[in-house]
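Open the model in your viewer and keep the sequence panel beside it. This tour tells you what to select next and what you will find there.

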Amino acid sequence: MEGHSSARGSRKGTMLKAVVLAALMIVLAVIEVRYLGYDEDAAQGGPGTAETAPVTDAPVTPAIETPEPAGPTAAPTPTPLPAFEPYAVDETDPEKYISAYAVEVDGEAVDDYQAELAIDFGTGDTYSQIDGVLTFRGNNFRDGGAVGTVSMTEKKFETAWTRSLGSLTAYDGYTWTGSGWTGQALIAKWDKETREIMNMYDWAKEQDELVEVVHATMDGYVRFTELETGKATRDDLYLGFTFKGAGSLDPRGYPILYVGAGYYGASQSPRALAVSLIDGSVLFSLGDNETFANRQWHMFDSAPLVCAETDQLIWPGENGIVYIVTLNTDYDKAAGTLSVDPEIVKWKYSTFRNTSTGGQFWLGMEDSAVIYGHYMMVADNGGHLICLDLETLEPVWVQDVLDDTNCTPALELENGHPYLYISTSFHAGWRSWTTADIPIFKIDAVTGEIVWRTDYTCYTEPDLSGGVQGSIAIGKNSLSDLIFVPVARTPNAYDGVLAAIDKETGEVVWEQHSQTYSWSSPVCIYDSEGNGYVLYTTSGVGNANGGYLCLTDGLTGEILYEAALGATTEATPAVYGNMIVIGTRGMTDYGLRLK
């Protein structure tokens with residue numbers, strides 16, 4: 001008996017020790033988990049914080065002291081993206097397409113160019129240092145046009161405000177009205193300190209927060225409007241040029257507007273301008289009566305980009321020159337002073353196609369460039385998509401895209417690999433006078449090779465081209481499998497199609513047909529849950545009600561709401577939160593509120 005009792009006591013002591021040891025191990029595990037900042041959601045790739053670490057009912061033993069953490073837990077290192085190092089294959093060898101190119105540095109010819117500064121553009125979401133739509137399609141990947149998320153219960157929109165635009169008669173007698181192609185407004189949320197040194201009205205300077213619309217239009221003016229109310233934030237700025245392109249605001253938050261003439265001015269030759277938004281003065285201009293150009297057409301519909309690290313402006317022109325401007329910016333926000341001292345590098349080119357057709361296939365870039373790393377990708381008016389090394393100014397690869405190209409390429413990283421989506425116009429008389437196949441391309445941005453091609457048969461008219469005049473919208477979130485393409489003059493001469501196309505296969509997923517074609521670029525917007533919608537504008541040419549703005553379910557193509565804008569509409573919308581800004585040829589700017 002006594003022996004048995006002793007055995008049971010021994011087992012009890014052993015069990016007690018085991019329980020205590022287990023409790024101690026659990027407590028230590030809890031402490032370790034909490035100090036390491038672990039959470040189960042984060043471990044599974046989902047949301048979570050260290051405050052949600054698992055809770056246990058194990059007893060806490062006072063004898064155990066909690067150690068002091070060694071230091072703050074380092075954030076996980078993001079997986080670095082592969083270096084973007086494009087190269088040509090046989091199909092994309094630049095020597096097959098580009099017959100010659102030349103470089104000029106501050107007016108002097110240079111045989112072997114090597115940049116002194118290392119240009120390095122990151123992904124599109126890193127381009128802007130302030131909130132806003134600061135360039136055409138938002139950033140250097142040209143994959144945006146909308147900022148923030150939308151909150152909609154009714155899935156419709158209403159007019160919040162309008163502003164009147166005007167007209168300009170160029171010195172050759174041609175009259176331009178309102179806002180045209182590309183026509184996108186710029187939107188910036190300026191900090192209060194910057195607003196205080198601008199020539200804004202006092203009420204605008206005094207607001208705790210203010211989002212400003214900066215819209216250069218074809219009547220020669222730049223207008224400044226408070227986003228929510230439509231009130232003018234400062235006096236209109238008259239520059240006297242027909243502004244078709246969007247221009248760009250400086251992504252560093254510097255008060256500079258870069259904007260180019262899309263046609264002759266009222267009394268001056270066309271050019272590109274850098275404008276101080278402190279006092280409205282022109283800081284410098286370039287491109288007017290350019291003697292270096294191989295094409296004497298000094299228009300600038302392209303929206304330039306700024307490399308913040310090198311203080312450089314990169315601006316392709318329709319005269320066939322790419323300008324790289326070292327700005328030497330001197331900006332003192334506290335003192336309210338701003339100046340630049342530009343040093344200009346120019347690159348020009350010639351093509352075999354242009355030469356062999358007697359100049360029929362034009363030189364020059366009318367679309368806006370994509371830049372990733374130190375490589376610029378831009379299409380020209382002669383049917384070439386060119387990848388240019390901005391540090392050596394040597395063409396890396398060239399792809400034949402067949403026709404006059406106004407569609408700005410859009411870049412996306414898919415599993416870390418860069419691809420471009422682009423299409424082209426149908427210029428009357430170059431390939432055909434009646435109909436032609438318009439290709440929509442997915443292109444490997446590393447080699448320039450075509451991944452897939454989807455064609456639409458389109459009609460055209462002289463100076464009013466069919467094909468894809470707008471730019472392709474790249475779907476994200478719930479729309480991440482799709483791109484959205486506005487195809488003009490298909491299947492009939494005045495009809496249009498918004499096509500949703502599968503990124504992987506190039507197959508058409510759905511089509512939205514409209515009675516009038518579109519030159520506008522669709523814009524994708526998303527709610528807080530990632531549900532995607534597409535804003536799409538038709539031109540309304542020949543329609544008494546003008547163009548229509550449509551709010552579309554991005555997955556199905558169902559039109560959820562549409563409204564007439566009362567005039568021909570070629571411009572691309574810009575979106576900030578629930579506010580849409582778009583102008584018409586009928587000389588009206590609209591601020592529309594999603595609801």
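## First stop: a threonine and its contacts

Select Thr447 and Glu449. Their side chains make a polar contact, at 2.7 Å. Keep in mind that this is a predicted model.

Where does Thr447 lie? Look in the loop between strand E29 (435-444) and strand E30 (450-459).

Is Thr447 buried or exposed? Thr447 counts as buried because its relative accessible area is 4%, and the cut-off for buried is under 20%.

Now show what surrounds Thr447. Set aside its neighbours within four places in sequence. The residues in contact with Thr447 are then Tyr87, Ala88, Val89, Thr92 and Trp397.

## Strand E29 and its partners

Select residues 435-444, which are strand E29. E29 is mostly covered, with eight of its 10 residues buried.

Add E30. E29 and E30 are antiparallel and pair over nine bridges. For one example, pick Ala436: its bridge partner in E30 is Cys458. The two strands form a hairpin, with five residues between them. Stop at Gly448 in the turn, where phi is positive, at about 80°.

Next, select residues 417-423, which are strand E27. E27 and E29 run antiparallel and are joined by five bridges. Pick Leu420 to see a facing pair: opposite it in E29 stands Ile443.

## A second hairpin

Move to residues 523-526, strand E36. Which way do its side chains point? Val523 and Ile525 point one way, while Cys524 and Tyr526 point the other way. All of these residues are buried.

Add residues 532-537, strand E37. Four bridges link E36 with E37, and the strands run antiparallel. Val523 has Leu535 of E37 opposite it. The hairpin of E36 and E37 has five residues between the strands. Among them is Gly530, which takes a positive phi near 90°.

## An open sheet of four strands

Select E12, E13, E14 and E15. These four strands form an open sheet, in the order E12-E13-E14-E15, with antiparallel pairing. Which strands are at the edges? They are E12 (248-249) and E15 (282-286), each pairing on one side only.

Zoom in on E12 and on E13, residues 256-260. The pair is antiparallel, with two bridges. Pick Leu249 and find its bridge partner in E13, Leu257.

## The cavity

Now look for enclosed space. Rolling a probe the size of a water molecule over the atoms shows where empty space is left.

How many cavities of 30 Å³ or more does the structure hold? There is one. The largest cavity has about 30 Å³ of space.

Select its lining in two steps. Begin with Phe136, Trp181, Thr182, Asp301 and Ser302, which are among the lining residues. Then add Glu366, Asp367, Ser368, Asn406 and Thr408, which also line the largest cavity.

## Zoom out

Finish with the whole protein in view. Colour by secondary structure: there are five helices and 42 strands. Colour by burial: of the 595 residues, 57% are buried.

Now turn on the surface. The accessible surface is about 24700 Å². Carbon and sulfur atoms account for 49% of that area.

End with the contacts. Take those between residues at least 6 apart in sequence: 58% of them join residues at least 24 apart.

Note on methods. Residues are numbered from 1 along each chain as its sequence is written. This is a predicted model: local features need pLDDT of at least 70, side-chain atom pairs count only at pLDDT 80 or more; totals for chains, interfaces and linings use all residues. Side-chain values use heavy atoms; hydrogens and water are left out. Buried means under 20% relative accessible area, exposed over 50%, partly exposed in between (1.4 Å probe, protein chains only). Contact means heavy atoms within 4.5 Å. Accessible areas come from the Shrake-Rupley method with a 1.4 Å probe; for residues, only the protein chains shown count as cover. A polar contact is a pair of N or O atoms within 3.5 Å; within protein, one must be able to donate a hydrogen and the other to accept it, and residues adjacent in sequence count only if both atoms are side-chain atoms. Two strands pair if DSSP finds at least two bridges between them. On a 1 Å grid over the protein atoms alone, a cavity is a set of points where a 1.4 Å probe fits but cannot get out, and a pocket is an open set with protein on both sides within 12 Å along at least five of seven lines; lining residues have an atom within 4 Å of a point. Grid points are joined across faces, edges and corners, and a volume is the space filled by probe spheres set on the points.
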